[in-house]
Amino acid sequence: MVEPNHIYQYSIINALMAGVADSGIPVSQFTSKGNQGIGTFTKIQGELVLLDDKVYQLQASGSIRTAGPEEQLPYAVATQYEPQRTIRTPLKDKDDIDRVLEEFNDHAGNLFMSYRVDGRFKKLKARTVRGQEYEGQPLSELGSKQAVQEYEDIEGTIVGFRAPAAWQGFMVAGEHMHFIDRDRNVGGHLLELESDGEVEFGVAVVNNVHIELPTSEKFNAARMTTEDAGIKGIEG
Ligand SMILES: [Zn+2]
């Protein structure tokens, strides 16, 4: 069926930046592409986590709901995640994630990585976007209105992807991580973390990427450029 550790992606970040977000791949189709992933919902309403075959919507109101099969996703990334290695490791902060990935494989600088981190975090900061206020509003404009939450001593899972720098605009270059807590009550796009214990860290290198582009009129009409600073501002 679906190949392990390939990346399937629907649409590209540049399209979200251009505000193309009113339709997309149905959840039921998306979950056939993998068991783990991240993304967003129509009108950029909150953050998506695909974990253990379930699609969660992390909403700006602070609560989490399970997405229905017909809901559409304007941008989403999935992989059939089968870790090539899982280790227990200290993880000081967000930058420390790169260290763990490099230790696992230092020849993947131009490849992709997918990973999952389970553990207890002393501090964790995550955000959820509030959604477009008008049709076609660019993602970059949503940064000032996102809901940022800080958690202390929280247990949960980070779903992450690392993309090479040259892929900026197609995906998010570097790390892109979404967090969901153990009880599936809170979460968001991961901004910062701090940990003083060990976490369980699983990694897989990915060298197959499939990108499906929307065929909608909105996608066709969008003027897309790669706004490096803009993407780092909202997705960094
Ligand atoms: Zn995100």
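**Aromatic cluster, helix α5 and cavities**

User: Let's start with F170: how buried or exposed is that residue?
Analyst: F170 counts as partly exposed, with a relative accessible area of 38%, and please keep in mind that this is a predicted model.

User: How many aromatic pairs does the structure hold?
Analyst: There are 4 aromatic pairs in the structure. One of them joins F112 and W167 in an edge-to-face arrangement, with 4.8 Å centre to centre and 80° between the planes.

User: Where do F112 and W167 lie in the chain?
Analyst: F112 belongs to strand β10, whereas W167 is in the loop between β11 (147-163) and β12, so their pairing ties together parts that are 55 residues apart in sequence.

User: And what is the relative accessible area of each, F112 and W167?
Analyst: F112 has a relative accessible area of 4%, which is under 20% and therefore makes this residue buried. W167 stands at 29%, so this residue is classed as partly exposed.

User: Which aromatic residue pairs with F170?
Analyst: F170 pairs with W167, again edge-to-face, with the ring centres 6.1 Å apart and 70° between the planes. F112, W167 and F170 thus make up one aromatic cluster.

User: Switching to helix α5, which of its residues are buried?
Analyst: Helix α5 covers residues 228-235, and its buried residues are I231, I234 and E235. Viewed down the axis of α5, these buried residues fall within an arc of 80°, so they line one face of the helix.

User: What sits on the other side of α5?
Analyst: On that side A229, K232 and G233 are exposed.

User: Which elements do the buried residues of α5 pack against?
Analyst: They pack against α1 (13-17) and against three strands, namely β10 (112-128), β12 (174-181) and β13 (187-194).

User: What about G236, where is that?
Analyst: G236 is in the segment after α5, and with 42% relative accessibility this glycine counts as partly exposed. Leaving aside residues up to four places away in sequence, G236 touches K94, H189, L191 and I231. Of these contacts, L191 is 45 residues away from G236 along the chain, yet the two C-alpha atoms are separated by 7.4 Å.

User: Different topic: how many cavities of 30 Å³ or more are there?
Analyst: The count comes to 4 cavities of 30 Å³ or more, and the largest cavity holds about 90 Å³ of space.

User: Which residues lie nearest the centre of that largest cavity?
Analyst: The lining of the largest cavity has 13 residues, and those nearest its centre are L16, T40, E47, R127 and E235. The elements that contribute two or more residues to this lining are α1, β3 (36-40) and β12. E235 also came up earlier, as one of the buried residues of α5.

User: Which residue lies over the face of Y8?
Analyst: That residue is K33, which lies over the face of Y8 at 4.8 Å from the ring centre.

User: Last one, backbone: what is phi of I44, and what is it for R184?
Analyst: Phi of I44 is near 55°, a positive value in a residue other than glycine, and R184, likewise not a glycine, has a positive phi of about 60°. I44 is in the loop between β3 and β4 (47-51), while R184 is in the loop between β12 and β13. As for accessibility, I44 is buried at 1%, whereas R184 is partly exposed, with a relative accessible area of 23%.

Technical notes
Residues numbered from 1 in each chain as written. Predicted model: local features only at pLDDT ≥ 70, side-chain atom pairs only at ≥ 80, totals over all residues. Heavy atoms only, no water. Buried < 20%, exposed > 50% of the residue type's maximum accessible area, 1.4 Å probe, protein only. Helix = DSSP H or I, 4+ residues; strand = E, 2+ residues; numbered from the N terminus. Arc of directions from axis to C-beta. Contact = heavy atoms within 4.5 Å. Phe/Tyr/Trp six-rings, centres within 6.5 Å; stacked < 30°, edge-to-face > 60°. Lys NZ or Arg CZ within 6 Å of the ring centre and 35° of its normal. 1 Å grid on protein atoms, 1.4 Å probe; cavity = no way out; pocket = protein on both sides within 12 Å on 5 of 7 lines; lining within 4 Å. Points joined across faces, edges and corners; volume = space filled by probe spheres on them.
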